[in-house]
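Welcome to this short briefing. Take a moment to look at the sequence and the 3D picture, then read on for a guided tour.

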Amino acid sequence: MVDPLHFERRADEYAAARPPYPPELWERMRALGALEPGIAALDLGAGSGQATGPLLAAGVRVTAVEPGERLAGLLRHAYPSVEVLTARAEDVELPTGAFDLVTAATSIHWMDLAVVVPKVHAALAPGGRFAVWRNVFGDPDAPVTSFRRRVAEIVGDRTAPPRPGPSAEDRDATAAALTAAGLFVVEDATSYRWRIALDAPAVGRLFSTFSDWSEPEVARAVDAVVDLGGSTIEHYSSWLLVLRPVRAAS
């Protein structure tokens with residue numbers, strides 16, 4: 001069972017341990033004209049700012065929405081120029097047609113799409129885009145490493161049932177859910193593969209931020225890295241969906 005307060009308790013670890021999104025993802029958004037200096041962006045489920053910071057660096061004016069008090073505090077401290085709204089995406093009041101870009105970076109799976117999708121549609125200015133992406137911590141197409149075998153053993157020992165519904169890591173399932181109401185169409189869908197070297201403490205910090213990993217499981221992952229020589233290369237991936245709103249004919 002996922003603990004809704006997990007990210008709040010792990011706010012500092014989340015900010016330090018989560019790896020950045022790949023440069024190719026930002027380059028793709030620029031190529032599509034979705035990321036340009038001076039535009040207004042709304043960052044939903046901003047966390048500690050893994051997307052907020054690069055948006056600011058691109059010259060974007062950012063409003064961030066984050067329900068966690070501690071995470072929102074980290075955002076305000078790290079990015080004082082950002083307007084931070086401490087609220088759920090479902091509850092926040094947004095001006096109509098105010099944003100050129102709305103983003104949800106590794107956060108859309110926590111949101112009620114029946115509420116959020118119409119809210120985003122109304123908040124986008126003409127020509128605006130809705131960009132949704134996430135990091136996938138475990139590339140299914142990469143060679144299986146000894147560490148990944150140990151991770152599979154840990155997950156296989158769980159007795160709790162998996163989360164219901166399609167996997168939050170499934171790009172195509174997410175695209176189908178976001179377009180189901182007929183308010184958006186997918187303009188672009190891309191995926192990126194990357195890797196990162198992690199030692200045992202880094203694995204502990206990163207895995208502790210995963211909401212479905214318990215402390216004993218994280219300890220087992222750390223022990224696995226130690227057993228395998230003290231470091232591992234993790235093969236990860238990321239995907240990006242850029243959606244355009246469907247507007248009624250005037």
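**Arginine 158 and its partners**

The charged end of arginine 158 sits over the ring of tryptophan 213, at 5.1 Å from the ring centre. Please keep in mind as you read that this is a predicted model. The points below follow arginine 158 first, and then turn to a helix, some ring pairs, a threonine and further salt bridges.

- Arginine 158 also forms a salt bridge with glutamate 217, and the closest N and O atoms are 2.9 Å apart.
- Because arginine 158 lies in the loop between α7 and α8 (171–179) while glutamate 217 belongs to helix α10, this pair ties together parts that are 59 residues apart in sequence.
- Are these two partners buried or exposed? Arginine 158 counts as partly exposed, at 27% relative accessibility, whereas glutamate 217 counts as buried, at 13%.

**One side of helix α7**

- Helix α7 spans residues 146–156, and its buried residues are Phe147, Val151 and Ile154.
- These residues cover an arc of only 60 degrees around the axis, so they are on the same side of α7.
- Why can residues that are not next to each other in sequence point the same way? An α-helix has 3.6 residues a turn, so residues three or four places apart do just that.
- The buried residues of α7 pack against three elements: α9 (200–208), α10 (215–227) and β7 (231–245).

**Rings that pair up**

- How many aromatic pairs are there? The count comes to 9.
- In one pair, the ring centres of phenylalanine 130 and phenylalanine 184 are 5.4 Å apart and the planes are at 50 degrees, so this pair is tilted.
- Phenylalanine 130 is in strand β5 (residues 124–136) and phenylalanine 184 is in strand β6 (residues 184–199), so the pair ties together parts 54 residues apart in sequence.
- Both phenylalanine 130 and phenylalanine 184 are buried.
- Another pair is edge-to-face, because the planes of tryptophan 194 and tyrosine 236 are at 75 degrees, with the ring centres 5.5 Å apart.
- Here tryptophan 194 comes from strand β6 and tyrosine 236 from strand β7, so parts that are 42 residues apart in sequence are tied together.
- Tryptophan 194 and tyrosine 236 are both buried.
- Ring pairs also build a cluster, whose members include Phe147, Trp194, Trp213 and Tyr236. You have already met Phe147 among the buried residues of α7, and Trp213 under the charged end of arginine 158.

**Threonine 232 in strand β7**

- Threonine 232 lies in strand β7 and counts as buried, at 10% relative accessibility.
- Leaving aside residues up to four places away in sequence, threonine 232 touches Phe147, Ile196, Ala197, Leu198, Val203 and Val225.
- Threonine 232 and aspartate 199 are 33 residues apart in sequence, yet 6.3 Å apart in space, C-alpha to C-alpha.

**More salt bridges**

- The structure holds 12 salt bridges.
- Glutamate 187 and arginine 129 form one of them, with the closest N and O atoms 3.1 Å apart.
- This pair links distant parts of the chain, since glutamate 187 is in strand β6 and arginine 129 in strand β5, 58 residues apart.
- Glutamate 187 is partly exposed, with a relative accessible area of 30%, but arginine 129 is buried, at 6%.
- Arginine 88 and aspartate 91 meet through their side chains in a salt bridge of 2.9 Å, N to O.
- Arginine 88 is partly exposed at 43%, and aspartate 91 counts as partly exposed at 48%.

Methods:
Residues numbered from 1 in each chain as written. Predicted model: local features only at pLDDT ≥ 70, side-chain atom pairs only at ≥ 80, totals over all residues. Heavy atoms only, no water. Buried < 20%, exposed > 50% of the residue type's maximum accessible area, 1.4 Å probe, protein only. Helix = DSSP H or I, 4+ residues; strand = E, 2+ residues; numbered from the N terminus. Arc of directions from axis to C-beta. Contact = heavy atoms within 4.5 Å. Phe/Tyr/Trp six-rings, centres within 6.5 Å; stacked < 30°, edge-to-face > 60°. Lys NZ or Arg CZ within 6 Å of the ring centre and 35° of its normal. Salt bridge = Lys/Arg side-chain N within 4 Å of Asp/Glu carboxyl O.
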